[in-house]
Amino acid sequence: PIAASFGDLITLAILAWISQGLYKCLDTYPYVSSLVCAFFMLLTPLWMVISSKHPASRTLLYSGWEPVITAMVISSIGGLILDKTVSDPNLAGIVVYTPVINGIGGNLVAIQSSRISTHLHFHCAPGEVPDETKGCYYPCRTFCGTGANHRSAQVLILLVVPGHVIFLYTIHLMKSGHTTLTPIFMSVYLATALLQVLLLLCIADWMVHSMWRSGKDPDSFSI
């Protein structure tokens, strides 16, 4: 999660820097953006040839598109929802909390997905799952139990509220939220964050085991 967060931060910084430069050139040299896109499109076959030279990347080159495209679709839908939120003046102050609630929830569940995947890699052959995960899924299976994955799910749930409280007050002290931290707002926000992580942990548990059962590597397809 830390590496992913830094990756997102660096990517956003680079995109902001490049976008600013392209925006400045828009009036004087309107064709620059098209040339940049064409340049990277022309480089695509070269990267494909280089990737096909290595066995590990060759496998992803043929079978790794499904999770990437799915993630792009989900991100695009999230962008549309965020755009609707930004355009509503009554919700303008909520935008700053979006990366927080998404980042904390996503990173916590990524940890759990990685733990479950590692457990399956160590203890089960591809296509086989533990006996307790066979049959229809039910939410209690994720949290109730004494196994390592159950304990980690319980710990991650306990981290949700303290983590969000720290970030809420950090945003408040930086005066970035433009939203007063009233008891009602904090209660609704924390309840939403808790529900989000609960649902994501359940989905991750079901998804990782389902992908492992179907012979797909959860490290590549779910996380």
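A helix, as the word is used here, is a DSSP run of type H or I with at least four residues, and helices are numbered from the N terminus. The exercises below concern a predicted model.

**Exercise 1. Place Gly21 in the chain and decide whether Gly21 is buried, partly exposed or exposed.**

Solution. Start with the secondary structure: Gly21 is found in helix H1, and this helix covers residues 2-25. Next take the relative accessible area of Gly21, which is 31%. Because the class between buried and exposed runs from 20% to 50%, Gly21 is partly exposed. Finally, consider a partner further along the chain: Ser33 is twelve residues away from Gly21 in sequence, and the C-alpha atoms of the two are separated by 10.0 Å.

**Exercise 2. Describe the overall make-up of the protein chain, from its secondary structure to its domains.**

Solution. Begin by counting elements: the protein chain has nine helices and zero strands, and its pattern along the sequence reads α-α-α-α-α-α-α-α-α. Then consider the extent of the chain, whose C-alpha atoms fill a box of roughly 65 × 55 × 25 Å along the principal axes. Of its 223 residues, 26% count as buried. As a last step, turn to the domain assignment, which gives domain 1 for residues 1-53 and domain 2 for residues 88-222; the centres of domain 1 and domain 2, taken over C-alpha atoms, are 30 Å apart.

**Exercise 3. Find which residues make the nonpolar surface patch of about 670 Å².**

Solution. The patch is made by Phe6, Leu9, Ile10, Ile14, Trp17 and Ile18. To place one of these residues in the secondary structure, note that Phe6 is found in helix H1.

**Exercise 4. Work out how the rings of Tyr29 and Tyr31 are arranged, and how accessible each of the two residues is.**

Solution. The structure has a count of three aromatic pairs. For the rings of Tyr29 and Tyr31, the centres are 6.2 Å apart, which is within the 6.5 Å limit for a pair. Their planes stand at 75°, and because an angle over 60 degrees counts as edge-to-face, the pair is edge-to-face. Now turn to accessibility, where Tyr29 has a relative value of 42% and therefore counts as partly exposed, while Tyr31, with a relative accessible area of 48%, is also partly exposed.

**Exercise 5. Determine how many disulfides the structure holds, and examine Cys37 as a case.**

Solution. The structure holds zero disulfides. For Cys37, the nearest cysteine sulfur belongs to Cys25 and is 13 Å away; because a disulfide needs two cysteine sulfur atoms within 2.5 Å, Cys37 is in no disulfide. Then check the surface: Cys37 is exposed, with a relative accessible area of 52%, and Cys144, at 52% relative accessibility, likewise counts as exposed.

**Exercise 6. Decide whether Ser152 and Ile157 are buried or exposed, and relate each of them to a residue distant in sequence.**

Solution. Both residues can be placed in helix H7, since Ser152 is found there and Ile157 lies in that helix too, which covers residues 148-173. Ser152 has a relative accessible area of 11%, and because this is under 20%, Ser152 is buried. Ile157 is buried as well, with a relative accessible area of 15%. For the distances, Ser152 and Ile116 are 36 residues apart in sequence and 9.8 Å apart from C-alpha to C-alpha, whereas Ile157 and Ser114, 43 residues apart along the chain, have C-alpha atoms separated by 16 Å.

**Exercise 7. Locate Trp206, classify its accessibility and give its C-alpha separation from Val96.**

Solution. Trp206 lies in helix H8, which covers residues 183-213. At 45% relative accessibility, Trp206 counts as partly exposed. Although Val96 is 110 residues away along the chain, the remaining step is simply to read the spatial value, and the C-alpha atoms of Trp206 and Val96 are separated by 31 Å.

Terms used: Residues numbered from 1 in each chain as written. Predicted model: local features only at pLDDT ≥ 70, side-chain atom pairs only at ≥ 80, totals over all residues. Heavy atoms only, no water. Phe/Tyr/Trp six-rings, centres within 6.5 Å; stacked < 30°, edge-to-face > 60°. Buried < 20%, exposed > 50% of the residue type's maximum accessible area, 1.4 Å probe, protein only. Helix = DSSP H or I, 4+ residues; strand = E, 2+ residues; numbered from the N terminus. Patch = residues over 30% accessible without salt bridge, like charges linked within 9 Å, V, L, I, M, F, W, Y side chains within 5 Å. Areas by Shrake-Rupley, 256 points an atom, 1.4 Å probe, with all protein chains shown as cover. Salt bridge = Lys/Arg side-chain N within 4 Å of Asp/Glu carboxyl O. Domains from an automatic or database assignment.
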